[in-house]
Amino acid sequence: MMTENAVPTVTLNNGIEIPQLGFGVFRVDPDKTNRIVRDALDVGYRHLDTARIYHNEEGVGHAIKESGVAREELFVTTKLWNDDQTDASAAIDKSLARLGMDYVDLYLIHWPAPDNDTYVQAWRSLIEIQQSGRAKAIGVSNFTIDHLERVIAETGVVPAVNQVELHVDFQQAELRAFAAGQGIAIEAWGPLGQGKINQSEELAGIAAAHGKTVPQTILRWHTQIGNIVIPKSNNKDRMAENFDIFDFELTAAEVATIATLDQGEDGRNGGHPLEVH
Ligand SMILES: NC(=O)c1ccc[n+]([C@@H]2O[C@H](COP(=O)([O-])OP(=O)(O)OC[C@H]3O[C@@H](n4cnc5c(N)ncnc54)[C@H](OP(=O)(O)O)[C@@H]3O)[C@@H](O)[C@H]2O)c1
């Protein structure tokens with residue numbers, strides 16, 4: 001039964017549904033991953049975002065097994081690290097072994113690492129991985145418009161997802177518009193600014209008007225402009241806070257006010273897609 005707080009899904013370009021709100025585990029200590037992911041599942045998250053390079057795929061897998069939540073109720077993403085781009089098939093097999101699964105719901109090329117010039121080769125391998133059933137959907141992460149255009153032109157296969165840094169201070173309007181035109185879903189990483197939460201009066205005022213916190217208001221903004229969001233927290237109360245965003249709606253004027261907070265490139269917190277190798 002649907003409740004008013006149920007997490008909506010976004011339908012990807014191959015028909016697979018992804019919960020619009022998930023839980024990310026970047027910088028979650030491998031030794032604590034089991035407890036933290038168990039807490040997230042307990043709060044109600046059913047979409048988990050990990051990566052080989054986070055070194056916590058095993059903890060994610062253990063938490064899922066111990067939780068008793070059925071595999072088919074979950075949406076699990078992992079990512080191909082840059083030095084595996086020339087052997088993605090072996091890399092996903094190792095990720096699946098660590099996760100204790102025979103498929104992931106979404107497999108992403110983590111960074112384009114364009115100096116290596118192997119991301120098109122990697123994308124061809126992901127297409128085969130999807131055909132083999134080891135990933136239900138495939139996509140990319142940290143791709144610019146140029147990288148997206150190239151993989152589409154050279155393979156004819158449009159990524160289902162581009163997971164990129166995106167938050168109030170760094171809104172990526174041009175990339176979002178391009179992705180919308182191609183049917184590529186945008187997943188926002190660092191959706192809360194990686195903890196540097198925007199402290200503007202505007203956001204504080206909008207949050208107060210709805211009786212919500214600023215992080216809740218930011219996450220709600222993401223979902224209303226169409227982003228999939230994967231906030232991370234080690235703290236169960238904050239996990240629950242971040243999960244409780246579907247019982248209110250921002251007005252068009254509030255969404256327009258938040259658009260004015262964009263700092264463009266100055267708002268970027270993380271690595272630049274051309275510079276992470
Ligand atoms: N594809 C990529 O290259 C890439 C890069 C980075 C991240 N990601 C993915 O995106 C996920 C989310 O990004 P992120 O973890 O970097 O950043 P984030 O979710 O924007 O922010 C996480 C930080 O915000 C704090 N926080 C969370 N909820 C809060 C709340 N309600 N109030 C106050 N503080 C709060 C957390 O602290 P506490 O833990 O103490 O609550 C943590 O320090 C990652 O976990 C990962 O899965 C992908």
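Author: A helix here is a DSSP run of H or I covering at least four residues, numbered from the N terminus. Keep in mind that this is a predicted model.

Reader: Okay, so which helix gives the most to the shell around the ligand?

Author: That's α9, residues 236-243, with three residues in the shell.

Reader: What makes a residue part of that shell, and which come nearest?

Author: A residue counts if one of its heavy atoms lies within 4 Å of the ligand. There are 28 such residues, and Asp 49, Leu 192, Gln 194, Ser 233 and Arg 238 come nearest. By type, the shell has 11 nonpolar, 12 polar and five charged residues.

Reader: Why is the pair between Glu 241 and the ligand called a polar contact?

Author: The cut-off is 3.5 Å between N or O atoms. A side-chain N or O atom of Glu 241 is 3.4 Å from a ligand nitrogen, so the pair qualifies as a polar contact. Trp 189 has a polar side-chain atom 3.4 Å from a ligand oxygen, while Val 25 uses a backbone N or O atom, 3.2 Å from a ligand oxygen.

Reader: How much of the ligand does the protein bury?

Author: Of the 900 Å² the ligand exposes when taken alone, the protein buries 87%. The space the ligand takes is the largest pocket.

Reader: How do you know that β8 and β9 pair?

Author: Pairing needs at least two bridges. Strands β8 (161-165) and β9 (185-189) run parallel and share five, so they pair. Val 164 stands opposite Ala 188 in β9.

Reader: And what makes β3 and β10 edge strands?

Author: The open sheet has eight strands in parallel, ordered β3-β4-β5-β6-β7-β8-β9-β10. Strands β3 (23-24) and β10 (228-229) each have a single partner, so one side of each lacks a neighbour in the sheet.

How values were computed. Residues numbered from 1 in each chain as written. Predicted model: local features only at pLDDT ≥ 70, side-chain atom pairs only at ≥ 80, totals over all residues. Heavy atoms only, no water. Polar contact = N/O pair within 3.5 Å; in protein donor to acceptor, adjacent residues only side chain to side chain. Areas by Shrake-Rupley, 256 points an atom, 1.4 Å probe, with all protein chains shown as cover. 1 Å grid on protein atoms, 1.4 Å probe; cavity = no way out; pocket = protein on both sides within 12 Å on 5 of 7 lines; lining within 4 Å. Sits in = over half its atoms within 2 Å of the grid points. Helix = DSSP H or I, 4+ residues; strand = E, 2+ residues; numbered from the N terminus. Nonpolar A, V, L, I, M, F, W, Y, C, P; charged D, E, K, R; others polar.
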